[in-house]
Amino acid sequence: MPHAIAGNSYLVTGGASLIGSHLADALLAAGAREVRLLDSLALGTPDMIAHLQAEPRVRLVRGDILRLNEVIDAAQGIDGIFALAGFLTLPMAENPPLGVAVNTIGVLHTLEAARIASCRRVVFSSSVAAYGNAVAETLAEDAGTVVTGLQPVTAVYGVSKLFGEQLGRLYAQKYGVQFNALRFASVYGERQHGRAVNANFIAATYEAVRRGERPVITGDGREVHDYIHVTDVAQGCLAAMASDASGLVMNLATGRDASLTEVAHLVLAACDAPHLEPEYHEDRRAVRSAGGTHLGFSRAKAEREIGWVPKVTLEDGIRRYIRWREASGG
Ligand SMILES: NC(=O)c1ccc[n+]([C@@H]2O[C@H](COP(=O)([O-])OP(=O)(O)OC[C@H]3O[C@@H](n4cnc5c(N)ncnc54)[C@H](O)[C@@H]3O)[C@@H](O)[C@H]2O)c1
């Protein structure tokens with residue numbers, strides 16, 4: 001029987017995060033009895049979840065997934081774990097030893113805690129970075145990983161996510177932990193931080209426009225990303241938790257390839273500044289994600305298996321992001 005979110009208790013590792021804070025909102029709205037947010041605050045900050053301070057069903061637990069005992073303690077009495085704690089490519093580039101440890105041993109500890117605390121459900125935050133440079137007209141979950149041509153840190157991040165996926169599948173097979181991995185595309189939205197290499201482009205474009213400057217695009221502007229609004233990602237996490245499926249790896253992507261030029265124009269339109277035509281500069285980025293002029297991520301599997309369909313268009317999501325920036329003082 002599908003699992004009901006209402007009335008149950010959840011642990012979110014890395015809970016003081018962009019996605020964790022929206023996931024907490026979605027869990028509360030769905031009637032969860034308790035939402036425990038475990039975070040070392042290595043990257044996230046308490047202000048991400050400040051809006052939840054007065055909510056009696058939410059508890060922030062300061063803890064480190066690299067310490068097994070802390071994850072086991074946090075998982076006591078919990079019905080499901082959302083394994084979000086992780087280092088994205090930019091923080092991984094800053095601190096490779098810590099990033100690799102969190103994305104591998106940290107995930108191992110989370111699965112061990114699920115097993116030991118008899119918490120049978122785990123949803124893992126993987127990434128489309130796990131495809132690396134794989135190319136297909138439509139990129140589905142059965143595509144192999146291609147690391148050729150990637151920057152090393154981008155490959156290490158993608159491979160660390162692959163490792164988490166396979167470890168979870170192993171725990172599903174060997175210990176009966178119900179595990180599903182979701183490969184998020186480029187997540188953006190309200191409470192966006194500066195650690196996500198692709199979403200940073202939306203922020204940088206907005207900030208340039210606010211200063212009255214022309215936005216800067218690196219390269220010729222044809223590079224594409226699949227931008228997925230954070231509330232859609234949170235709903236996908238809930239759907240995966242509620243599902244009876246296990247051992248699955250699924251994309252949470254929109255399927256829409258948006259070029260940098262297109263995104264810049266969407267921001268310009270939302271800011272009512274169409275005269276600030278983008279400038280094109282040589283690409284000197286130290287850290288780049290995979291992706292050229294076509295990605296084509298399929299979202300068919302997530303729709304089929306867990307009934308997930310993204311709701312927020314890029315146009316609406318950018319307008320929401322800008323409203324949030326304006327409301328939070330810039
Ligand atoms: N944002 C994206 O575009 C995106 C895309 C694909 C996958 N993901 C994955 O989704 C997850 C959440 O992403 P986000 O953008 O919300 O990231 P984020 O950087 O906001 O959150 C990661 C959180 O993990 C916490 N953390 C780090 N090390 C920890 C440790 N040892 N113990 C406990 N907590 C620790 C950080 O303090 C932070 O709050 C990550 O695993 C990320 O790799 C994100």
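**View 1. Strands β4 and β5 side by side.** In this predicted model, β4 and β5 run parallel and are joined by 3 bridges. One spot to look for is Ala83, which stands opposite Phe124 in β5. Keep Ala83 in mind, as the next view comes back to this residue from β1.

**View 2. Strand β4 and its partner β1.** Strand β1 covers residues 9-13, and it pairs with β4 in the parallel sense over 4 bridges. Pick out Thr13 here: its bridge partner in β4 is Ala83. So what about the two faces of β4, residues 80-83: are they covered or open? Both are covered, with Gly80 and Phe82 buried on one side and Ile81 and Ala83 buried on the other.

**View 3. The largest nonpolar core.** Nonpolar side chains tend to be buried together in soluble globular proteins. Here, the largest nonpolar core takes in 101 residues. Which of them touch the most other members? They are Val12, Val187, Cys237, Leu252 and Val267. Helix α7, spanning residues 230-242, gives the most to this core, with 9 residues.

**View 4. A closer look at Cys237.** Cys237 is among the core residues that touch the most other members. Set aside the neighbours within four places in sequence, and Cys237 is in contact with Leu23, Phe82, Val123 and Leu182. Phe82 may ring a bell: this residue is one of the buried ones in β4.

**View 5. Around the ligand.** How many residues surround the ligand? There are 32, and the closest are Gly14, Ser17, Gly44, Gly86 and Ser127. Sorted by class, this shell has 17 nonpolar, 12 polar and 3 charged residues. Several elements chip in with at least two residues each: α1 (18-29), β2 (34-39), α4 (96-116), β5 (121-127) and β7 (186-188). Helix α1 supplies the largest share, 3 residues. Strand β5, the partner of β4 in the first view, is also on that list of suppliers.

**View 6. Stepping back to the whole protein.** Zoom out and you have 10 helices and 13 strands to find your way around. The C-alpha atoms fill a box of roughly 60 × 45 × 40 Å along the principal axes. The radius of gyration is 19 Å, which agrees with the value near 20 Å for a compact globule of 330 residues. Of those 330 residues, 48% count as buried. As for contacts between residues at least 6 apart in sequence, 80% join residues at least 24 apart.

Notes:
Residues are numbered from 1 along each chain as its sequence is written. This is a predicted model: local features need pLDDT of at least 70, side-chain atom pairs count only at pLDDT 80 or more; totals for chains, interfaces and linings use all residues. The radius of gyration is taken over C-alpha atoms; the globule rule is 2.2 Å times the number of residues to the power 0.38. A residue is buried if 20 or more other C-beta atoms lie within 10 Å of its own, exposed if 12 or fewer, and partly exposed in between; C-beta atoms are placed from the backbone. Two residues are in contact if their C-beta atoms, placed from the backbone, lie within 7 Å. A residue is near a molecule or strand if its C-beta atom, placed from the backbone, lies within 6 Å of it. Ala, Val, Leu, Ile, Met, Phe, Trp, Tyr, Cys and Pro count as nonpolar, Asp, Glu, Lys and Arg as charged, and the others, Gly among them, as polar. Two strands pair if DSSP finds at least two bridges between them. A nonpolar core is a set of buried Ala, Val, Leu, Ile, Met, Phe, Trp, Tyr and Cys residues joined through C-beta atoms within 7 Å.
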